[in-house]
Amino acid sequence: MSTGTITPYRSSQQPGRDDFGHLLLSEWTKFRSVRGWLIAMIGAAVLTTLAVVALAGIASGKGNPGADPTNVTGPGGEAVTDNFYFVHQSLDGNGSITARVSSLTSSVLPGQVPVGVTPPGSQPWAKAGVIIKASTKPGSAYAAVMATPGHGVRMQWNYTNDTAGLPGAVSAASPRWLRLTRSGDTITGYDSADGSHWTEIGTATLGGLPSTVQAGLFVASPQYISGAQSFAGNNWVPLNTQAAAVFDRVGLSGGQPGATWKAGYVGGLSVVDGPQGPGGQGCPQPTPGSVCVGKHSEPAGGLSRSGGAFTVSDYGGDIAPYVAITDPLGTVLKGTVIGLIAVIALGALYITAEYRRGLIRTTLVATPRRGRVLAAKAIVIGAVTFVAALAGAAVGVPIAERKLNSGGWVASVYPVWSLTSAHGVQIVVGTAGLLAVAAILALSAGSVLRRSAGAIAAVVVLLIVPLILSVILPQGPADLLLRLTPAAAFAVQQGTPQYSQVMHTCMPYNGCFPEAPWTGFAVSCAWAAAALGLAIYLLRRRDA
Amino acid sequence: MSPLLEAVHAEWTKLRTVPSTAWLLLTLVVLTAGVGTLATAVVKCPATCSEDTTKLSLTGILLGQAAVAVLAVLVMSGEYSSGMIRITLTAVPRRLTSLAAKAIVLTGVVLVAGAVSTAGSLVAGRYILPGNGFTGAYGSETLSLAAGPTLRAASGSVLYLALIALFSLGLATALRDSGASIAVMLGLLYIVPLLTDLGTLDSRWQHRLQEWGPTTAGLAIQATRNLKTLPIGPWPGLGVLALWTAGALLVGALVLRLRDA
């Protein structure tokens, strides 16, 4: 036996470049050359758009109390709540207001606490502080620095903006000094624990602020929202509250000489706490700015002065964005599940068809590094789905929003989000991302199971059934489902924004998701990544 | 043996020798009874005493039906993907006989597995619910088939699964491709409850969709309380699902009869 005498055959061809770009190209060719798949992908996008628009057509707001809350609107045109007790003077041009809050008490009124509900000790978002406001007209521009029972010192302006200052609650032993200074359209908020060391909290620019504004002290006491989703449906319990605060060391610079403090209620809120009925059985018909506690009516806020101290109280007001309970846009966007099921089918077929036809063996001979095949497939199916869904959503969402507006859902609460605004991006790009992640999840399931029917059913059950169950189950397990399953990504389709400074009970029944939109999306991405990892591991270990 | 009986025997042999059948039936039982058990474990009385405990115990059917749909789709489209359909039709040239045989075998298998799933769910509810406070004191009787409405809900759920199986079989016969069939089937099953559970659609449309959606109408059979508030009564609801099933089987039969395999 002699070795080395036979030269093994070598192809004269150059070896193919081991290039991921070529792999992507070949996987893209496989996708686009199956005509049914291309048609199905475009059809999925078109169907989604049509479904969303059609649903918006039948999502009438008529008869739904959430559709037209008849709220006042703020400087940005958004619906706001603007009811509070205001002790104020005119401020000409630049100047500042300073006050020390030495006490803030808050409690729930007893009248409407239902049996079985334990009233909370205080409303964590009750507000007492200094404010500079364009006028006493509800909805006008403002900036305020305030103490709260549960969230420390805050600076808030023009309803939707909120910045944290010093933490902790107010007491006589640990008072809070608050200050606002105006310079042109710019208002800067400061807080201090001792009145000599001041910290800037934030700066607000209020466009078009008139030269004469109202500056002073305010107290607002929002409703406490109790309750949770139960089987019987929506169990939403708003409880009326009252708050009182003691201010001293009040200083106003830039006020008119000789002016005195005026006090009054901003906004026409009336609070009824307790049974209302004829014949003196309950509360009389409430008048704006009044509150009925027990059986007698009294003003909804008040001021008493002793020496340099101002005691200001308020029942049931708030200065905040109006947060809708219902989410018609979110409901209408559930129409995307038609396209979602189609892309799940395509994602699974993209790999199971190779097993069925035996093409997988050719694929793996051409690219022996198997993990890269699945990675390339995931990129191709993810990108194609993303582009198709993005186009569908960018067309469908604005049309659906306008249809909802004309169907009775007022634009101040349910606006048409600009496609470049943060919320517009969340809905449109988020929806496209949701479909792309679903396609990758389905590809992975198809690779693991190698059968299209099983893979499609598994992914549909994982993605869509949690949404259905979350409406039937009680709050606790419903929240868990929407946090942990891939359905968490549907949070990106929430149409009504949530504000952390407004108390709200998030119920899946109302289309609310327990996780923030992009957090929920990340949960689904984690599922897809884990599934793809498992698929790559199994593809490398098993025979094809 | 008559040709139909022979065909039934052949279909039974095919179904029981495919490994996916056992897995899917196991999935049906585990999903249905498991989800039903979890759903009954998380409710507490007196917080939610008015809950329809029978319907709650049978929540798992909502997931279990997906396994039934896959099984039924594979019975037909599995033959198209492997080419087996040509052998089947050579052996049983009367195509509708072959479809009827498949339907009979599938119905039998799903009725048995569905009965096991339903029984498992109700047994779990019977033992778990009293521990969570659902006792006679609050008007919640212990789950028992002796009660008329519970018997209707239980037997109706089994029938529901059988109708879903036949519906999927009809659809798969018409579409032939397993991926397309299961996607369309699951879309029909899940989209209507998803849309109508959230209360922002126009109430007339909501009512209409719930009345005609195969899942929402068919599962009305599970209700044992507040029947007056249902969009459609229990038996008429199951009747709506039967109409969908009959329609799908009819289209499937026509396609099978007229088109080349």
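These are my notes on the contact between chains A and B and on three strands of chain A.

Entry 1, the model. I am working with a predicted model, in which local features need pLDDT of at least 70 and side-chain atom pairs count only at pLDDT 80 or more, while totals for chains, interfaces and linings use all residues. Residues are numbered from 1 along each chain as its sequence is written, chains are lettered from A and ligands numbered from 1 in the order in which they are written.

Entry 2, the contact. I looked up how many residues each chain gives: 37 come from chain A and 34 from chain B. I took two residues as in contact if their C-beta atoms, placed from the backbone, lie within 7 Å. On the chain A side, the elements that give two or more residues include α2 (35–58), α4 (337–357) and α8 (452–463). Helices (H or I, at least four residues) and strands (E, at least two) are DSSP runs, numbered from the N terminus. α4(A) gives the most, with 8 residues. I sorted the chain A side and got 27 nonpolar, 8 polar and 2 charged residues. Here Ala, Val, Leu, Ile, Met, Phe, Trp, Tyr, Cys and Pro count as nonpolar, Asp, Glu, Lys and Arg as charged, and the others, Gly among them, as polar.

Entry 3, the strands. I found β7 (176–183) and β8 (186–192) of chain A paired antiparallel over 7 bridges; pairing needs at least two DSSP bridges. A:Leu178 stands opposite A:Asp191 in β8(A). Their hairpin has 2 residues between the strands, and A:Gly184 there takes a positive phi near 65 degrees.

Entry 4, the next strand. I then followed β8(A) to β9 (199–205) of chain A, also antiparallel, with 6 bridges. A:Thr186 stands opposite A:Thr205 in β9(A). This hairpin has 6 residues between the strands, and A:Gly195 takes a positive phi near 85 degrees.
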